[in-house]
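Hi everyone, thanks for making time for this. I'd like to walk you through one structure, so please have it up on your screens.

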Amino acid sequence: VGPGGTVSFLTDYGLDDEFVGLLHAVVACLAPGVATVDLTHRIPRQDIRAGALALWRCVPWLPAGAVVGVVDPGVGTSRRAVAVEAGDHTFVGPDNGLLYPAIAAAGTPRRAVSLTNANYQLPAPGPTFAGRDVFAPAAAHLCAGVDLDELGPRIDPASLAGDPIPMATLEEGAVRAWVLWVDGFGNLQLSARPDDIAGLGPSVDAGGNPARRVGTFAELEPGELGLLVDSYGYAALCVNRGSAAAATGLVPGEAVLLRPA
Amino acid sequence: VGPGGTVSFLTDYGLDDEFVGLLHAVVACLAPGVATVDLTHRIPRQDIRAGALALWRCVPWLPAGAVVGVVDPGVGTSRRAVAVEAGDHTFVGPDNGLLYPAIAAAGTPRRAVSLTNANYQLPAPGPTFAGRDVFAPAAAHLCAGVDLDELGPRIDPASLAGDPIPMATLEEGAVRAWVLWVDGFGNLQLSARPDDIAGLGPSVDAGGNPARRVGTFAELEPGELGLLVDSYGYAALCVNRGSAAAATGLVPGEAVLLRPA
Amino acid sequence: VGPGGTVSFLTDYGLDDEFVGLLHAVVACLAPGVATVDLTHRIPRQDIRAGALALWRCVPWLPAGAVVGVVDPGVGTSRRAVAVEAGDHTFVGPDNGLLYPAIAAAGTPRRAVSLTNANYQLPAPGPTFAGRDVFAPAAAHLCAGVDLDELGPRIDPASLAGDPIPMATLEEGAVRAWVLWVDGFGNLQLSARPDDIAGLGPSVDAGGNPARRVGTFAELEPGELGLLVDSYGYAALCVNRGSAAAATGLVPGEAVLLRPA
C-alpha cells in the first residue's frame with residue numbers, strides 16, 4: 001500500500017451504533033490525513049456471502065490502499081485475522097471467505113500475513129472488538145507506510161478460506177443461474193455473464209416468469225419484467241420503476257432457470 | 001470550480017447497497033485529496049420533487065465546488081446529463097428538474113454543458129450507472145481543475161428542465177401554501193415566507209387545525225400545534241416534542257389554507 | 001484544540017434528512033481541510049441519556065480535536081450552548097447533561113465557555129438550528145486554530161448540567177446493575193465492571209434468566225445466554241448469534257439483579 005492509500009470499509013455493523021464511527025476515529029488517531037471511504041455498513045448481519053458479493057462488486061472501482069471487510073460471526077474463535085495483497089489493494093479482515101471473491105477479482109495474491117503483531121493493534125478494555133482493535137489499525141498503519149510484513153508472519157495465500165462465486169451453468173438450451181443480490185430498487189443480479197444469456201432470444205422464461213430481453217430499464221413498460229445486463233456487467237432481472245424481487249418472489253441464493261419462451 | 005473545491009452529494013440511493021460508497025471510491029480514484037460531503041442519500045426513491053427541495057434547502061450552506069444530485073428515474077432514456085455553473089458551485093446531474101431550484105437559488109447560471117465527453121467518464125461493464133460513471137467523475141474532474149467546457153458542449157441554460165417551487169398565494173385574508181417537506185421530527189415546512197404569514201395574528205386555522213403563532217418550539221405546550229418560521233426561513237407547522245405530520249395528517253405536496261382563527 | 005484537530009459528531013438527527021450533511025458542509029466552508037468523523041447520528045430522538053452513554057463509550061478512541069454532541073430537546077429555551085476542554089478534546093453542545101459523562105471520562109475540565117459570540121456563529125434565516133449555526137461553526141473554528149476564549153465568556157465547569165452514570169451496587173452476594181445499552185446485535189451492556197462480577201461464579205441468575213459466565217461469545221451454545229466482559233470493559237449479557245435483548249426482554253435503563261445460580 002504505502003503513503004497516499006485510502007482506507008475503504010465494508011461491514012455489517014449497521015449505522016445505529018457508534019461502531020462505524022470508531023473505525024474512522026481509529027484511523028484518524030493512527031494515521032491522520034489518510035482518506036477513508038465507506039462502501040457500505042448495511043450488509044445483513046453475519047451474512048458472509050452477501051458481504052463477499054458486495055465487496056467483490058466494488059473491486060473495479062476501489063481506490064488504491066487498504067480494504068477492510070468485517071462480517072465476522074466467528075469473532076472470538078480461532079479464525080485468523082489476515083491481510084492479503086492483491087492488485088493495488090491490501091484486503092484486511094477475518095479469514096472466513098468474506099474477502100475471497102474480492103481478492104480473486106483484484107489479482108493473484110502477492111503476500112498474505114496473519115495479523116498477530118500486537119504492536120500494530122489497539123489494547124482492548126475487554127475482549128477484542130476486531131474491527132476497532134485489529135482491522136482498522138492494520139489498515140491505518142498500512143496507509144501510513146508500515147510494510148505488510150510488520151503486521152505478522154506470512155501465511156500461504158492458498159490456505160485462505162473461501163468459496164468461488166457460483167457461476168451459471170448451461171443446460172440443453174437453458175441457463176441455470178443463481179440470484180447473487182437484490183439491490184434496494186428490487187433488481188435481481190444473477191450469476192450469469194452477457195455471453196451466457198446471448199442465445200436466449202427476445203422472450204425469456206425466468207423460473208416461470210415471462211421476461212423480455214432488453215438493453216435498458218427504459219425499454220420496459222411499467223410493471224414489465226426484463227432481462228438485461230446490469231451496470232456491473234451481469235445478467236439481471238428488473239422491472240421498470242418497480243421491484244423484480246417483489247414481482248418474482250426470488251431471493252438471494254436461489255437458483256433460476258432461464259429458457260427461451 | 002477549480003482546485004480546492006468540495007464534492008457534495010445528494011441522491012436517492014439509500015445506504016443499504018454500496019452505491020454511495022462507489023461514488024466516493026470514484027472521487028478518491030480520480031481526484032485524490034478532494035473533500036466530499038454527503039448531504040443525504042435518503043431521498044425517497046425516484047422522488048425528483050423531494051430531492052429538488054432538499055438540494056434547494058442546502059444551497060446557503062454548500063461549500064464551493066461541485067454539487068452532484070442524482071434522482072434519476074429516466075436513466076437509460078434520452079434525458080441529458082448536465083453540469084451547470086451558478087454562484088460558487090457547479091451542479092451536476094440529470095436534466096430532469098432535480099437541480100433546477102438549487103441552481104435558481106445559487107444565482108444566474110453562467111455556463112451549462114451536456115456531459116458527453118467520454119474521456120471524462122468511466123467505462124461501464126454494462127449499461128451506464130450514471131452516478132458512478134458520469135456524474136461522480138465529472139465532479140471529481142471539476143474539483144481537480146478540469147474546465148467545465150472540457151466535459152461537453154455548451155447548452156442553453158434556458159433549456160434546462162425545471163419547475164419553480166410553488167410559493168404561497170394570498171386569498172382574502174388567508175394564505176394558501178403547500179407542504180414542501182416533512183422532516184424526521186414530523187415538522188411540516190410550508191411554501192410561505194415570514195412576510196406571507198405576518199398578518200395572520202396569534203391564533204391560526206391551518207387547514208382546519210388550530211395552531212398558535214409562536215417564535216420557537218419551546219413556547220408550545222406539549223402536544224400543541226404551532227405555526228412558526230423555521231430555521232430555513234420558511235413557515236412551518238410544528239408540535240413541541242411531537243409530530244405535526246401525525247397531528248394533522250398533512251403530507252408533502254398537499255395544499256393547506258392558513259387563516260386567522 | 002488547535003490546527004490538526006478532527007471534528008467528531010454524534011447527534012440524534014438521523015440520516016433521512018440533510019441535517020448531518022449541513023454539519024459537514026459548514027465545516028467544509030469554515031475550516032477547509034479539517035477532518036471529520038461521524039460517531040453516529042442514530043441516537044434515539046431526544047434521548048439525552050442514550051446519547052450521553054454513546055459519547056462516553058467513544059472517549060478512549062476519539063481523535064484529538066472538537067467533539068460535537070447534539071441531542072437537544074431544549075433548543076429554543078434558555079439552556080446554554082457550551083464548549084468544554086478536557087483531555088485532548090473540546091466538547092461542544094447543549095448544556096443538558098449530554099456531554100457530561102464523556103467530559104468526566106476525558107479528564108478534569110480545564111476551561112469551559114458559553115457559546116455566545118455571534119462572530120463565530122452563522123446567521124440563521126429563522127430561529128437558530130443550533131447544530132448548523134452554533135455547534136458546527138464553533139468546532140470548525142476551534143480546529144482552524146481559534147482559541148476557546150474567543151467563543152464566549154468563561155463559565156464554571158462545576159455549573160455544567162449532568163448526572164453521573166449509575167454504577168452497580170453490591171447487595172449480599174448479588175450485584176444490582178442497570179442496562180446501559182442495547183446494541184444492534186441485541187447485546188445488553190450493564191453498568192458493572194469486571195471486578196463487580198468477579199465473585200458470581202460460573203452460573204449466574206440475571207434477573208431470573210439463567211446465564212453462563214464466559215470469556216467470549218464463541219463459548220456459548222447457539223441460543224444460550226452468557227454473562228461476559230464486553231469490548232468496552234463492561235459486563236454484558238449476550239447470546240451467541242442471537243439477541244440477549246429479545247431473550248430477556250430487558251431494556252435500557254432497567255435494573256437487573258445478578259446472583260450466583
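Let me begin with one definition: when I say that copies are superposed, I mean by least squares on the C-alpha atoms of residues with pLDDT of at least 70 in both. And that mention of pLDDT is there for a reason you should keep in mind throughout: this is a predicted model.

With that settled, how is chain B brought onto chain A? It takes a rotation of 120 degrees, with 0.0 Å of shift along the axis, and the RMSD is 0.0 Å. The two copies are thus related as by a three-fold rotation axis. For chain B on chain C we again have a turn of 120 degrees and a shift of 0.0 Å along the axis, with an RMSD of 0.0 Å.

Now, which surfaces do the copies use? Of the contact residues of chain B, 7% recur in chain A, and the copies use different surfaces. Turning to chain C, only 7% of the interface residues of chain B are also interface residues there, so these copies too meet through different surfaces.

Let's move inside chain B and look at its sheet. It is an open sheet of six strands with mixed pairing, and the order reads β2-β1-β3-β5-β4-β6. Why do β2 and β6 of chain B each have one side without a neighbour in the sheet? Because β2 (36-40) and β6 (111-114) stand at the edges, each with a single partner strand. Neighbouring strands of this sheet are turned against each other by 20 degrees on average, direction ignored.

Stay with the β6 edge for a moment. Strand β4 of chain B, residues 81-86, pairs with β6(B) in the antiparallel sense over four bridges. If you want a spot to click on, find Val82(B), whose bridge partner in β6(B) is Ser114(B). Packing on the sheet is helix α2 of chain B, residues 48-58, which touches β1 (6-11), β2 and β3 (65-70) of chain B. The direction of α2(B) makes about 150 degrees with that of β1(B).

Next, a pair of helices. Two packed helices are described by the angle between their axes and the distance between the axes. In chain B, helix α1 (residues 19-30) and helix α4 (residues 130-143) pack at about 45 degrees, with axes 9 Å apart. Angles under 35 degrees would count as roughly parallel, and 65 to 115 as roughly perpendicular; α1(B) and α4(B) are therefore oblique to each other. Their crossing is right-handed.

Who meets whom there? From α1(B) come Leu22(B), Leu23(B), Val26(B), Val27(B) and Leu30(B), and they meet Gly131(B), Arg132(B), Ala136(B), Pro137(B), Ala140(B) and His141(B) in α4(B). By type, the residues of this contact divide into eight nonpolar, two polar and one charged.

Last stop, chain A. Strands β10 (residues 203-206) and β11 (residues 209-213) of chain A run antiparallel and are joined by four bridges. Val204(A) stands opposite Ala211(A) in β11(A). What do β10(A) and β11(A) form? They make a hairpin with two residues between them, and Gly207(A) in the turn has a positive phi of about 60 degrees. β11(A) is also joined by two bridges to strand β12 of chain A, residues 225-229, and this time the strands run parallel. There, Arg213(A) has Leu227(A) in β12(A) as its bridge partner.

That's my tour, thanks for listening!

Methods: Residues are numbered from 1 along each chain as its sequence is written. Chains are lettered from A and ligands numbered from 1 in the order in which they are written. This is a predicted model: local features need pLDDT of at least 70, side-chain atom pairs count only at pLDDT 80 or more; totals for chains, interfaces and linings use all residues. Side-chain values use heavy atoms; hydrogens and water are left out. Two strands pair if DSSP finds at least two bridges between them. Axes are lines fitted to C-alpha atoms, for helices over the stretch in contact, and angles run from 0 to 180 degrees between N-to-C directions. Contact means heavy atoms within 4.5 Å. Angles under 35 degrees count as roughly parallel, over 145 as roughly antiparallel, 65 to 115 as roughly perpendicular and the rest as oblique. A crossing is left-handed if the near helix is turned anticlockwise from the far one by less than a right angle, and right-handed if clockwise. Ala, Val, Leu, Ile, Met, Phe, Trp, Tyr, Cys and Pro count as nonpolar, Asp, Glu, Lys and Arg as charged, and the others, Gly among them, as polar.
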